[in-house]
Amino acid sequence: MMLQVDNIQTYYGETQALFGTSLSVGEGEVVALLGANGVGKTTTIRSILGLTPPQTGRIAFDGTDISSMQTHDIVNLGIGWVPDDRRIFPTLKVDQNLAIGRRKSRFRSWSLDEMFEIFSALEHLMHRDSENLSGGEMQMVAISRALLGSPGLVLFDEPSQGLAPKIVQDVMKTIRRLKAEGISVLVVEQNALAALEVSDRVYVMAHGRIVHEGPAQDLLNDDVLRERLLGV
Ligand SMILES: Nc1ncnc2c1ncn2[C@@H]1O[C@H](COP(=O)(O)OP(=O)(O)OP(=O)(O)O)[C@@H](O)[C@H]1O
């Protein structure tokens with residue numbers, strides 16, 4: 001297993017957000033984490049990254065217990081993050097934003113030329129100010145920054161949020177590409193159908209708990225169950 005989240009409970013102060021969440025992501029597997037607003041999907045990602053560490057339970061990445069490690073040490077092991085707000089530094093040029101992500105790990109490293117091959121527009125953005133980028137361009141930079149960190153696992157938090165349908169398809173194509181390279185992906189999405197189409201397995205959360213787990217294809221095929229769990 002690339003990622004194993006075991007029965008974690010995570011709090012914001014006194015407020016409990018996760019009530020014993022468990023999930024796993026295999027090597028080269030794409031896993032979707034779906035559910036309504038506020039059920040704990042982002043908190044699950046924050047727990048994995050050590051941004052909001054779980055109070056109980058265990059998280060293992062690539063065989064290492066990361067439950068109580070610092071975020072920078074967790075990221076250095078090879079976890080990439082594409083945050084929902086992208087977190088591109090507006091005062092830096094695009095190439096400077098990308099340089100921030102550069103790291104070596106035991107996993108495959110990526111060159112800038114490979115980034116330009118995946119995102120053909122990126123090469124022409126390198127010397128632009130980041131504050132003037134469109135939503136789709138920012139997402140390109142955010143995904144490239146994550147890949148330049150040599151991840152074995154990439155955590156995508158609502159990657160399609162605010163993007164035009166064509167760009168959403170580009171993002172989903174990139175997730176397929178990562179899978180083809182043997183990289184594991186955990187993707188949190190409101191756009192359940194787009195996520196299910198690129199995922200091997202799916203977890204659905206409600207009220208800080210996993211309430212459904214299974215092959216993504218099963219949920220795509222089962223209109224009744226999908227409507228009940230996801231409303232689509
Ligand atoms: N910084 C915070 N302080 C206090 N409570 C928080 C904080 N962030 C999230 N919560 C609460 O934790 C619960 C889970 O939120 P979380 O953001 O993980 O849900 P989500 O499924 O990712 O939803 P969304 O799709 O809206 O991001 C919610 O009840 C939310 O109000």
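## Strands and the six-stranded sheet

Two strands count as paired if DSSP finds at least two bridges between them. Keep that idea in hand as we walk through this structure, which is a predicted model. Following the pairs from strand to strand, you can trace an open sheet of six strands, in the order β6-β7-β8-β3-β9-β10. Its pairing is mixed.

Where does this sheet have its edge strands? They are β6, residues 79–82, and β10, residues 209–215, and each of them pairs on one side only. On average, and ignoring direction, neighbouring strands of the sheet are turned by 15 degrees against each other.

## A look inside the sheet

Let us zoom in on one pair. Strand β3 covers residues 30–34 and strand β8 covers residues 184–188; the two run parallel and are joined by four bridges. If you would like a spot to find in the 3D view, look for Ala-32, which stands opposite Val-187 in β8.

Helices pack on this sheet too. Helix α6, made of residues 165–180, touches β3, β7 and β8, and its direction makes about 155 degrees with that of β8. Helix α5, residues 135–148, also packs on the sheet, where it touches β6 and β7 (153–157). The direction of α5 makes about 170 degrees with that of β6.

## The four-stranded sheet

Now for another open sheet, this one with four strands in the order β2-β1-β4-β5. Here the pairing is antiparallel. The edges are formed by β2 and β5 (64–65), each pairing on one side only.

How many bridges join β1 to β2? There are eight, and β1, residues 3–12, runs antiparallel to β2. Within this pair, Ile-8 stands opposite Thr-21 in β2. Helix α1 lies across β1, β2 and β4 (56–61), and runs at about 70 degrees to β2.

## Around the ligand

Which residues surround the ligand? They are Tyr-12, Thr-15, Ala-17, Gly-35, Asn-37, Gly-38, Val-39, Gly-40, Lys-41, Thr-42 and Thr-43. Sorted by class, this shell has three nonpolar residues, seven polar ones and one charged one.

Two familiar elements turn up here: β2 (15–25) and α1 (41–48) are the elements that give two or more residues to the shell. The largest share, three residues, comes from α1. You have met both before, with β2 as an edge strand of the four-stranded sheet and α1 as the helix lying across β1, β2 and β4.

Notes:
Residues are numbered from 1 along each chain as its sequence is written. This is a predicted model: local features need pLDDT of at least 70, side-chain atom pairs count only at pLDDT 80 or more; totals for chains, interfaces and linings use all residues. Axes are lines fitted to C-alpha atoms, for helices over the stretch in contact, and angles run from 0 to 180 degrees between N-to-C directions. Two residues are in contact if their C-beta atoms, placed from the backbone, lie within 7 Å. A residue is near a molecule or strand if its C-beta atom, placed from the backbone, lies within 6 Å of it. Ala, Val, Leu, Ile, Met, Phe, Trp, Tyr, Cys and Pro count as nonpolar, Asp, Glu, Lys and Arg as charged, and the others, Gly among them, as polar.
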